[in-house]
Amino acid sequence: METSNDSLTLFSKIKDAGEVWISRDLDLSKTEVADLRIIADSFAKMGCVVKILCPVHYRSKSYQDIFGPLLGTRYERKCPDLWIDGAFYEYESYVRPWNKRKLSNMLCSGLKQSDRIIIDSRDGVPTRRILRSIRSRLNVQAPIQEVWIFDGSSVVQVYP
């Protein structure tokens, strides 16, 4: 991904592992950004280079610089939250309390942004329920490449 050094700053570098870059324009006071920082560190500990991205208007020059690989795809005009080792990821959280419908909404919303999704699972959403929901969406909507769950401190891949 081509991004100018002016738009990103190095947030953390994990010794003998990966690093996390964060958009300078990102509003750090948002609750979701705190989650994204923890998620990014989790991926960096696995050796990944992670960029936490800031949404920009699709007609801006910044959009082409940051989200250029999405041009001409079903995700054109979208602004996924993260760029991890060359792929875009969308993080989906929810307002508590938990109910079954929220999982469906998170998958539906996330698949509009990317085919790689990270789902907030802090309330202990059973992995089998997540997998069942993924299987019911296969071949019906957008393809699903990866699904990860975020438990509040780390991420775990649950699909494929």
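**Exercise 1.** Leaving aside its neighbours within four places in sequence, which residues is Val 50 in contact with?

*Solution.* Keep in mind that this is a predicted model. Start with the stretch from Glu 19 to Trp 21: Glu 19, Val 20 and Trp 21 are each in contact with Val 50. Next come Ala 40, Phe 43 and Ala 44. Finish with Leu 82, Trp 83 and Ile 84.

**Exercise 2.** Work out which nonpolar core Val 50 belongs to, and what builds that core.

*Solution.* Val 50 sits in the largest nonpolar core, which has 22 residues. Val 50 is among those with the most contacts inside it, along with Ile 39, Phe 43, Ile 52, Leu 82 and Ile 118. Now look at the suppliers: strands E2 (19-23), E3 (49-52), E4 (82-84), E5 (87-92) and E7 (146-150), plus helix H1 (31-45), each give at least two residues. H1 gives the most, with six. There's also a second, separate core of 15 residues, including Leu 103 and Ile 130.

**Exercise 3.** Is Lys 45 buried or exposed?

*Solution.* First, find Lys 45 in helix H1. Then check its relative accessible area: that's 60%, and exposed means over 50%, so Lys 45 is exposed. Even so, beyond its neighbours within four places, Lys 45 is in contact with Ile 14 and Ala 17.

**Exercise 4.** Describe the chain as a whole.

*Solution.* Count the elements: four helices and eight strands. Read from the N terminus, they go β-β-α-β-α-β-β-α-β-α-β-β. The radius of gyration is 15 Å, close to the 15 Å the globule rule gives for 160 residues, so the chain is as compact as a globular protein of that length. Lastly, 44% of the 160 residues count as buried.

Methods: Residues are numbered from 1 along each chain as its sequence is written. This is a predicted model: local features need pLDDT of at least 70, side-chain atom pairs count only at pLDDT 80 or more; totals for chains, interfaces and linings use all residues. Side-chain values use heavy atoms; hydrogens and water are left out. A nonpolar core is a set of buried Ala, Val, Leu, Ile, Met, Phe, Trp, Tyr and Cys residues joined through side-chain atoms within 4.5 Å. Buried means under 20% relative accessible area, exposed over 50%, partly exposed in between (1.4 Å probe, protein chains only). Contact means heavy atoms within 4.5 Å. The radius of gyration is taken over C-alpha atoms; the globule rule is 2.2 Å times the number of residues to the power 0.38.
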